[in-house]
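Look at the sequence and the model below before reading on. The text starts at the ligand and then moves to the aromatic rings.

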Amino acid sequence: MKKISLFICMCMLMVACGGEKRETAESNIPQNKVLILFYSQTGATAAVANQIKSYMNADIEEIVCQEPYSGNFEATIERCKKEHESGVLPALKPIKSDVRNYDIIFLGYPIWFGTYALPVASLLEKIHLEGKMIVPFCTFGSGGLESSIKDLKEQLPRSIVMDGFGIRNARMEYMQEELDDFLIRNGYLQGEVEELPEFNVQDELSETDKNVFHQACDDYQFPLGTPTSVSKRYTSKGTEFRFMTRDANDAITAKTIVYVELRNEKGAKAEFTKVVR
Ligand SMILES: Cc1cc2nc3c(=O)[nH]c(=O)nc-3n(C[C@H](O)[C@H](O)[C@H](O)COP(=O)(O)O)c2cc1C
C-alpha cells in the first residue's frame, strides 16, 4: 500500500515538475499538488525554497513565528534553551495553506541542535501530514540532514519521508548546482546526472590527505576532530573524501564522518560539505 501511494505521488510530482525548461511550468493537473513549506531565520533555507519553487508548479509558504527569533545566533540559542526548559514550542502565525490539498510537501528548515528548527517542530504538532510524501530540505553550519530525517520519520510515522537535500550555509554558491543534482537524481526534475562511483575502502591517511582535511576544516568555528582514516571517490568535479574522525578527547567517534570536496579547478581549496554524526 505504501509503495503504491508512493508511486502515485511520484507520478503526480513528475507531472508537476516535468519539462526540460527549469522554470515555472504549466501543471497538467487541475489543482496544484505540491507545497513548499519552509522556515528560515536568516535567509539561507528561504533561498533553497525559492530555487525549488522556480523549478516547479508548486505553492510556497513560509512558516512564521508569532514572535520572530532575533536573527542573532547567541540570542537564539538562549531563547531555545528557555523554550526547551519550559517545554513550550514557539507559537506560530497560522499557515494559510490547507495541507489536505497537497500530495507532496517539500519541507524546509535550518538545522538547530542537530535537527529541524523549533518552529518546524511546532508546526508538525499542529498539522496532519498522514499519507503525504515529505521531501525534506535544509541548510546548516556543519550538518544535520541525516539526523533531522531520522527525527522526521519518528515524528511522522504515517507520512512517506523521502531522502532530502542539505547544504552548508557557507557553500551557498553551489546550492543551485547541488540542488539540481538532487532533484534530477531523485526524479523530481528531468535531466541527466553523472553516475557516481562508490567510495573506495576506508584506508590509512597520507600526509596529503591530512593536509586536505586541515585545509577544509581548520577555519570552521567549531573543532571537527582529528581524522583517523579516509576513503575517496573521483568524479568529474574532483575528489570527494570521507574522513572518520576522533574527537578532542581522543575518543574514537566512529560515527562522526566529515565529507570534504576538492574540486579539479586550479587553485581550488578543499571544503567540507557536511559532517554526519
Ligand atoms: C539555535 C541554532 C542552532 C543551530 N544548530 C546547528 C547545528 O546543530 N548544526 C549545524 O550544522 N548548524 C546549526 N545552526 C546553524 C544553522 O543551521 C544555519 O545557520 C542555517 O543555515 C540557518 O538557516 P536560515 O538562514 O534559513 O535560518 C544553528 C543555528 C541556530 C540559530
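How far does a backbone N or O atom of Gly-143 lie from an oxygen atom of the ligand? The distance is 3.1 Å. This value, like the others here, comes from a predicted model. Two other glycines make a contact of this kind. For Gly-114, a backbone N or O atom is 2.8 Å from a ligand oxygen. For Gly-43, a polar backbone atom lies 3.0 Å from an oxygen atom of the ligand.

On its own, the ligand has 640 Å² of accessible area, and the protein covers 88% of this. As for its location, the ligand sits in the second largest pocket. Four elements each give two or more residues to the shell around the ligand: the helices α2 (44–55) and α3 (73–86), and the strands β3 (104–112) and β5 (133–140).

Which residues come nearest to the ligand? Out of the 20 residues around it, they are Ser-40, Thr-42, Thr-45, Ile-111 and Ser-142. Sorted by type, the shell holds 12 polar residues and 8 nonpolar ones, and no charged residue is found in it.

Now turn to the aromatic rings. Across the whole structure, a search finds 11 aromatic pairs. One pair is formed by Tyr-39 and Trp-112, whose ring centres are 5.9 Å apart. Why is this pair called edge-to-face? The planes of the two rings stand at 85°, and planes over 60 degrees apart count as edge-to-face. The two residues belong to distant parts of the chain, 73 residues apart. Tyr-39 is in the loop between β1 (34–38) and α2, whereas Trp-112 is in strand β3. Both α2 and β3 are also among the elements that give residues to the ligand shell.

Definitions and conventions: Residues are numbered from 1 along each chain as its sequence is written. This is a predicted model: local features need pLDDT of at least 70, side-chain atom pairs count only at pLDDT 80 or more; totals for chains, interfaces and linings use all residues. Side-chain values use heavy atoms; hydrogens and water are left out. A residue is near a molecule or strand if one of its heavy atoms lies within 4 Å of it. A polar contact is a pair of N or O atoms within 3.5 Å; within protein, one must be able to donate a hydrogen and the other to accept it, and residues adjacent in sequence count only if both atoms are side-chain atoms. Accessible areas come from the Shrake-Rupley method with a 1.4 Å probe; for residues, only the protein chains shown count as cover. On a 1 Å grid over the protein atoms alone, a cavity is a set of points where a 1.4 Å probe fits but cannot get out, and a pocket is an open set with protein on both sides within 12 Å along at least five of seven lines; lining residues have an atom within 4 Å of a point. A molecule sits in a cavity or pocket if more than half of its atoms lie within 2 Å of its grid points. Ala, Val, Leu, Ile, Met, Phe, Trp, Tyr, Cys and Pro count as nonpolar, Asp, Glu, Lys and Arg as charged, and the others, Gly among them, as polar. Rings of Phe, Tyr and Trp (its six-membered ring) pair if their centres lie within 6.5 Å; planes under 30 degrees apart count as stacked, over 60 as edge-to-face and the rest as tilted.
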